[in-house]
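New to this one? Have a look at the model first, and then we can walk through it together.

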Amino acid sequence: MEPSRAYLSPPSFLPACLPGVLSRLEKLEARARALALKQEEAEQQQRQEVARLRARIKQLRRRRDELKGKVSLQQAALGRREEATSSGAEPVPTARVQERALLQWKVETVEAMLRVFYLTGISGKLTERGVCFCLSTAYDGNYLDSYYLDIVITQPVRIHRHSVPIFIPLKRIAAKYLQTDVRCFLATLSAHLNAYVGRKYQADYLQKHFSAFLGGHWQKNSLYNMLAFNYDVTTESSTFPFRVKLLYGDLDRSLPTEASVSCKEDVPASLLEKAATHSSLFMNMALHKAFDTFRKAAETPDNTE
């Protein structure tokens, strides 16, 4: 017998049908990867289009607000001068006129902003001191939690109270955007909140609906930007434990930036390849959807026999 043929012969302890099973599994996983990539591309295109439209809206509204501010300042100053002239009183200092006109401009800007954000899950109502925003979150077609933000329109603009979780970087986002661009501040905060509830939704859904696959102790933090857990992979001969660790470096996204899947060193080579495939799926697909793919792949051989 030639050495090369002896090397390529399948081990005697493997079932004869295993190559066919692995082939079907690889096809299913390839199909899942292709669907995940198509979904990611569609979402990316949608995000780019939304970003472009938001940028255009932002540009037009900034220009409109600048013009309205200038007009308001001129009208206020002119009205004060006419009033002072007709009553014989001394004119109101220009600084006070400008301050009142500026506050009025801010109120009008907030009113316009509320109408723009209504369709994006951000709503609000005017209060005596400013505006109270409601940021509604959703993931995978499910409406989830709502968070509130009470903003006082003064100079400078400040946050009076809020219900945003302490682990969301609200102070950092506010320091960067609140004084210069309230729209961008709200959009960025909304993105962080939606990503957080999306990560939490995936983990909770997985523990509730795929508990048969899971084992051992879960590791997670409050922000759900780190997850680590064990799950079982079953072949026709036995069951093997896999360990996965997911890191979410982008806090405004619900998909991980790093995914590592490990298993024991003495497992068959096919399982090492499967671990690499699982790692790729976790990077491009929601947790519960990835496990749904695993489950369908495990059920396929039984259904086809």
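Let's start with a term: a pocket here is an open set of grid points where a 1.4 Å probe fits, with protein on both sides within 12 Å along at least five of seven lines. Keep in mind that this is a predicted model.

With that in hand, the largest pocket holds about 1,900 Å³ of space. Its lining is made up of 43 residues, and Arg 47, Val 50, Arg 54, Ala 191 and Asn 194 are the ones that lie nearest its centre. Which elements each supply at least two residues of that lining? They are α2 (18-87), α3 (94-117), β2 (130-139) and α5. The largest share comes from α2, with 13 residues.

Helix α5 is worth a stroll from end to end. It runs over residues 182-209, so to speak 28 residues in a row. From its first C-alpha to its last it reaches 40 Å, close to the 40 Å expected at 1.5 Å a residue. Asp 181 caps the N-terminal end of α5, with a side-chain oxygen 3.3 Å from the backbone nitrogen of Arg 183.

Further along α5 you meet Gln 202. Is Gln 202 buried or exposed? Its relative accessible area is 1%, so Gln 202 counts as buried. Setting aside neighbours within four places in sequence, Gln 202 is in contact with Tyr 139, Ser 254, Ala 286, Leu 287 and His 288.

Now for some charged pairs. Side chains of opposite charge can pair when their charged atoms come close. How many salt bridges does the structure hold? There are five, and the table shows some of them, including where the partners sit.

| Salt bridge | N to O distance | Location |
|---|---|---|
| Arg 161 and Asp 150 | 3.5 Å | Arg 161 in β4 (residues 158-162), Asp 150 in β3 (residues 142-152) |
| Asp 204 and Lys 200 | 2.9 Å | both in helix α5 |
| Arg 295 and Asp 292 | 3.0 Å | both in helix α7 (residues 287-304) |

The Arg 161 and Asp 150 salt bridge links distant parts of the chain, eleven residues apart. Its two ends also sit in contrasting surroundings: Arg 161 is exposed at 56% relative accessibility, whereas Asp 150 is buried at 11%.

Back in α5, Asp 204 and Lys 200 are four residues apart, about one turn of the helix. Asp 204 is partly exposed at 30% relative accessibility, and Lys 200 is partly exposed at 28%.

In α7, Arg 295 and Asp 292 are three residues apart, again about one turn of the helix. Arg 295 is partly exposed at 30%, and Asp 292 is partly exposed at 22%. Salt bridges with shared partners join Asp 292, Arg 295 and Lys 296 into one network.

Finally, a few backbone oddities. Most residues other than glycine have a negative phi, and most peptide bonds are trans. Gln 155 and Pro 156, though, are joined by a cis peptide bond, with omega at about 5°. Pro 156 lies in the loop between β3 and β4.

Asp 140 has a positive phi, near 55°, and is found in the loop between β2 and β3. Its relative accessible area is 41%, so Asp 140 is partly exposed. Tyr 224 also has a positive phi, near 55°, and lies in the loop between β5 (214-220) and β6 (226-234). At 9% relative accessibility, Tyr 224 is buried.

Note on methods. Residues numbered from 1 in each chain as written. Predicted model: local features only at pLDDT ≥ 70, side-chain atom pairs only at ≥ 80, totals over all residues. Heavy atoms only, no water. Expected span 1.5 Å × (residues − 1). Polar contact = N/O pair within 3.5 Å; in protein donor to acceptor, adjacent residues only side chain to side chain. Buried < 20%, exposed > 50% of the residue type's maximum accessible area, 1.4 Å probe, protein only. Contact = heavy atoms within 4.5 Å. Salt bridge = Lys/Arg side-chain N within 4 Å of Asp/Glu carboxyl O. 1 Å grid on protein atoms, 1.4 Å probe; cavity = no way out; pocket = protein on both sides within 12 Å on 5 of 7 lines; lining within 4 Å. Points joined across faces, edges and corners; volume = space filled by probe spheres on them.
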